[in-house]
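Open the model in your viewer and keep the selection tool ready. The tour goes stop by stop.

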Amino acid sequence: MLELRPNCEVCDKDLPPASTEARICSYECTYCKDCADHVLHNVCPNCGGGLVPRPIRPSIARRSGVSLAHQPASTHRVHSKYTAGEIRDFTDRIKDVRPEAR
């Protein structure tokens, strides 16, 4: 089950569970749309994978036991362990390689 992290790991922008601005990699690293597009260039600085829109978990249980009320989003904020320069150097090296070829 997705963790639904509450913030962008680069700029710390709040990304509530219903945010359409959240982007994730296959490891659930989480970024805002602006950082994903303009800082990271669709490259996760942790794994090198691509970034996609994070799914939105239903707020209302339309099926028994399946909603934010039953599986709440994480409240643990995560921040990148890399400096802005390290992120730039890493993403610059692979941003022109399509995610499926990385």
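**Stop 1: the salt-bridge network at the start of the chain**

Select Glu3, Arg5 and Glu9, which are linked in a network of salt bridges. This is a predicted model, so treat each distance as a value computed from it. Show the side chains. Arginine 5 meets glutamate 3 in a salt bridge, N to O, at 2.9 Å. Arginine 5 also meets glutamate 9 in a salt bridge, again 2.9 Å from N to O.

Now colour by accessibility. Which of these residues are buried? Arginine 5 and glutamate 9 both are. Arginine 5 counts as buried because its relative accessibility is 14%, under the 20% cut-off. Glutamate 3 has a relative accessible area of 29%, so it is partly exposed. Across the structure there are 7 salt bridges.

**Stop 2: arginine 77 and its two aspartates**

Select arginine 77 and aspartate 12. They form a salt bridge, with the closest N and O atoms 3.1 Å apart. The pair links distant parts of the chain, 65 residues apart: arginine 77 is in the loop between β3 and α2, and aspartate 12 is in the segment before β1. Arginine 77 counts as partly exposed because its relative accessibility is 31%. Aspartate 12 is at 30% relative accessibility, so it counts as partly exposed too.

Check the backbone at aspartate 12. Its phi is positive, about 70°, although the residue is not a glycine.

Add aspartate 14 to the selection. Aspartate 14 also lies in the segment before β1. A polar contact of 2.8 Å joins its side chain to that of arginine 77. With neighbours within four places in sequence left aside, aspartate 14 is in contact with Pro6 and Arg77. Next, draw a line between the C-alpha atoms of aspartate 14 and cysteine 32. The separation is 8.5 Å, for residues 18 apart along the chain.

**Stop 3: the sheet**

Cysteine 32 leads to the strands. Switch to cartoon. What is the strand order in the open sheet? It is β2-β1-β3, with 3 strands and antiparallel pairing. The edge strands are β2 (30–32) and β3, each pairing on one side only.

Strands of a sheet pair through backbone hydrogen bonds, either parallel or antiparallel. Here β1 and β2 pair in the antiparallel sense over 3 bridges. For one bridge, select alanine 22: its partner in β2 is cysteine 32.

**Stop 4: arginine 54, buried without a salt bridge**

Move to arginine 54, in the loop between β3 and α2 (84–94). What is its nearest side chain of opposite charge? That is glutamate 28, 8.4 Å away. Arginine 54 is buried yet has no salt bridge, since a salt bridge needs the nitrogen and oxygen within 4 Å.

Look for backbone oxygens instead. The side chain of arginine 54 reaches the backbone oxygen of proline 16 at 2.8 Å. The backbone oxygen of leucine 15 lies 3.3 Å from a polar atom of the same arginine 54 side chain.

Now show the surroundings. Beyond neighbours within four places in sequence, the contacts of arginine 54 include Leu4, Arg5, Pro17 and Ser19. Ala22, Arg23, Ile24 and Thr30 are also among them. Arg5 brings you back to the network of the opening stop, with Glu3 and Glu9.

**Stop 5: the nonpolar core**

Select Cys8, Tyr31, Cys44 and Leu51. Of the 13 residues in the largest nonpolar core, these touch the most other members. The elements that give two or more residues to this core are β2 and α1.

Centre on cysteine 8. Not counting residues up to four places away in sequence, it touches Lys13, Leu15, Thr30, Tyr31, Cys32, Cys35 and Val78. Leu15 is a residue you have met, through its backbone oxygen and arginine 54.

**Stop 6: histidine 41**

Finish in the loop between α1 (33–39) and β3 (52–53), where histidine 41 sits. Inspect its backbone. Histidine 41 has a positive phi of about 55° although it is not a glycine. Its relative accessibility is 31%, so histidine 41 counts as partly exposed.

How values were computed. Residues are numbered from 1 along each chain as its sequence is written. This is a predicted model: local features need pLDDT of at least 70, side-chain atom pairs count only at pLDDT 80 or more; totals for chains, interfaces and linings use all residues. Side-chain values use heavy atoms; hydrogens and water are left out. Helices (H or I, at least four residues) and strands (E, at least two) are DSSP runs, numbered from the N terminus. Buried means under 20% relative accessible area, exposed over 50%, partly exposed in between (1.4 Å probe, protein chains only). Lys and Arg count as positive and Asp and Glu as negative; His and the chain ends are not counted. A polar contact is a pair of N or O atoms within 3.5 Å; within protein, one must be able to donate a hydrogen and the other to accept it, and residues adjacent in sequence count only if both atoms are side-chain atoms. Contact means heavy atoms within 4.5 Å. Two strands pair if DSSP finds at least two bridges between them. A nonpolar core is a set of buried Ala, Val, Leu, Ile, Met, Phe, Trp, Tyr and Cys residues joined through side-chain atoms within 4.5 Å.
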